[in-house]
Amino acid sequence: MTRTTPPRPLDVAAEFPDLAGLTRRATRLHPRPGEPTVHDSSVGGPLLWPTEEPWPAYTPAYRPYGPLTTLADIRTRRSLLTHAWARPRGPRENLLTKQEQEIIDRISTGYAPELMPEGPLPLIPVAQFYARDIAGLPCPEGTDMLQVLWAPFEEIEGCSEAVQLRWRLSSDVREILVEAPEPAYVDQSDHVPAPCVLHPEEVREFPPPHVLDEEQQSRLRAWAEARSVDYWSDLSVAPGWKLGGWPAHFTFRDPADSDELHCGECGGPVEALLTVDSSEWDGASGSWRPLEDADEKNHHPYRNAHDPTLVTVGRGYTLQIYSCVTTPSHLPRTIMQ
Ligand SMILES: [Zn+2]
């Protein structure tokens, strides 16, 4: 099923022709729970990986404090909660059976860091995109897909081997890796995306306030406010997981300047590539909720259309992944916004 963003409540370009040139196309990914294969575009799904290519790994800068968990435990917990929420329940009945509660309790206790091996840990798949599914995917010449991997730890911000990109030509992959290596432990279960299939949709965005000058900002804000619309949440940048377009809003911190916003390898300019969001919309940005999901939230309290990937960045922020403009294979710059 496709996903359709409702029309924006006001037409910025019609009212302010001088801003019409500042529009960008973004692709909302609309991830939803599913069982993607290596041949699908996905969030949290398996990657099309050649057997002969080493799987990327990362050595944490410090030993985590713990308690730690494992991918197996995270999958068990999520599957158990999915089934529990899906079954009918009487008014006084607990969500979980006694046996299920014991499993959840054991998983929540976790493991002491001393029990876990030292050394490099394989990254986990975050997302995979085929150009055939996403018209605006900025593929470097000779490639037709993008893969994003990261380490399920706290340290996904900055520019390091904790977050990596692979641009490749899918037809180059002759022997497909069947079982990807997995890290022995996970430090941050909120950074493990649950498998989702995508329903890409192109939308038009206007710049987030932090890239506009003061005069433009106040003009837009006043015009929208007089019509009971909020430029920030309704008219500028789409919420949720997306590719391309304008970078996400800076919410809890000052916007990044050129001291921070550059390629960590060559120092050159970077541009917004992938936005990882903690929810697909929130109370403020509800006008972006797809028409098809109008009352979905009432029916599925767990892993619904609003929160399909189960990824949370910080306190519900976004992780904006920027890529090097001149050499897209460079390590990306990531900023929590
Ligand atoms: Zn670079």
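**Exercise 1. The zinc site**

Which residues coordinate the zinc ion? Work out the geometry and the sequence spacing of the donors as well.

*Solution.* Keep in mind that this is a predicted model.

Step 1: List the donors. Cys263, Cys266 and Cys324 each offer SG, while His330 offers ND1, and the distances run from 2.1 to 2.3 Å.

Step 2: Check the angles. The 4 donor atoms subtend angles of 105 to 115° at the zinc ion, so the arrangement is tetrahedral. For comparison, the ideal angle for four tetrahedral donors is 109.5 degrees.

Step 3: Read the spacing. Along the sequence, the donor residues follow the pattern C-x2-C-x57-C-x5-H. Distant parts of the chain are linked by the pair Cys266 and Cys324, which are 58 residues apart: Cys266 sits in the loop between β11 (242-244) and β12 (270-277), and Cys324 in strand β13 (residues 318-324).

Step 4: Compare the surroundings of that pair. Buried means under 20% relative accessible area, and exposed means over 50%. Cys266, at 41%, is therefore partly exposed, whereas Cys324, at 3%, is buried.

**Exercise 2. His249 and its partners**

Is His249 buried or exposed? Find what its side chain reaches, then turn to Thr318.

*Solution.*

Step 1: Place the residue. His249 belongs to the loop between β11 and β12. Its relative accessible area is 11%, so His249 is buried.

Step 2: Look for polar partners. The His249 side chain reaches the backbone oxygen of Trp232 at 2.9 Å. A polar contact also joins the side chains of His249 and Ser236, at 3.4 Å.

Step 3: Widen the search to contacts beyond four places in sequence. For His249 these are Pro208, Pro209, Trp232, Ser236, Val237, Thr318 and Gln337.

Step 4: Follow one of these partners. Thr318 is found in strand β13, and its 9% relative accessibility makes Thr318 buried. Beyond its own sequence neighbours, Thr318 touches His249 and Gln337, and its other contacts include Ala248, Thr275, Val276 and Ile335.

**Exercise 3. Tyr185 in its loop**

Which residues does Tyr185 contact, leaving aside its neighbours within four places in sequence?

*Solution.*

Step 1: Locate Tyr185 in the loop between β8 (163-168) and β9 (196-197).

Step 2: Judge its exposure. With a relative accessible area of 3%, Tyr185 is buried.

Step 3: Collect the contacts. They are Pro60, Pro64, Leu68, Thr69, Met116, Pro117, Leu121 and Phe153.

Step 4: Set sequence beside space. Val173 is 12 residues from Tyr185 in sequence, and their C-alpha atoms lie 29 Å apart.

**Exercise 4. Empty space**

How much space lies in the largest pocket, and how much in the largest cavity? Identify what lines each of them.

*Solution.* The idea behind the search is friendly enough: rolling a probe the size of a water molecule over the atoms shows where empty space is left.

Step 1: Begin with the largest pocket, which holds about 640 Å³. Its lining has 29 residues, and those nearest the centre are Gly44, Gly45, Arg75, Glu182 and Pro195.

Step 2: Assign the lining to elements. Two or more residues come from each of α2 (71-86) and β6 (124-130). The largest share, 6 residues, is from α2.

Step 3: Move to the cavities. The count is 1 cavity of 30 Å³ or more, and the largest cavity has about 30 Å³ of space.

Step 4: Name the cavity lining. Among its residues are Glu155, Ile156, Glu157, Gly158 and Cys159, along with Pro332 and Thr334.

How values were computed
Residues are numbered from 1 along each chain as its sequence is written. This is a predicted model: local features need pLDDT of at least 70, side-chain atom pairs count only at pLDDT 80 or more; totals for chains, interfaces and linings use all residues. Side-chain values use heavy atoms; hydrogens and water are left out. Donors are N, O and S atoms within 2.8 Å of the metal (3.2 Å for Na, K and Ca); water is not among the atoms, so sites may look incomplete. Four donors count as tetrahedral if all angles lie between 85 and 135 degrees; four count as square planar and six as octahedral if opposite donors are over 155 degrees apart and all others between 65 and 115; anything else is irregular. Helices (H or I, at least four residues) and strands (E, at least two) are DSSP runs, numbered from the N terminus. Buried means under 20% relative accessible area, exposed over 50%, partly exposed in between (1.4 Å probe, protein chains only). A polar contact is a pair of N or O atoms within 3.5 Å; within protein, one must be able to donate a hydrogen and the other to accept it, and residues adjacent in sequence count only if both atoms are side-chain atoms. Contact means heavy atoms within 4.5 Å. On a 1 Å grid over the protein atoms alone, a cavity is a set of points where a 1.4 Å probe fits but cannot get out, and a pocket is an open set with protein on both sides within 12 Å along at least five of seven lines; lining residues have an atom within 4 Å of a point. Grid points are joined across faces, edges and corners, and a volume is the space filled by probe spheres set on the points.
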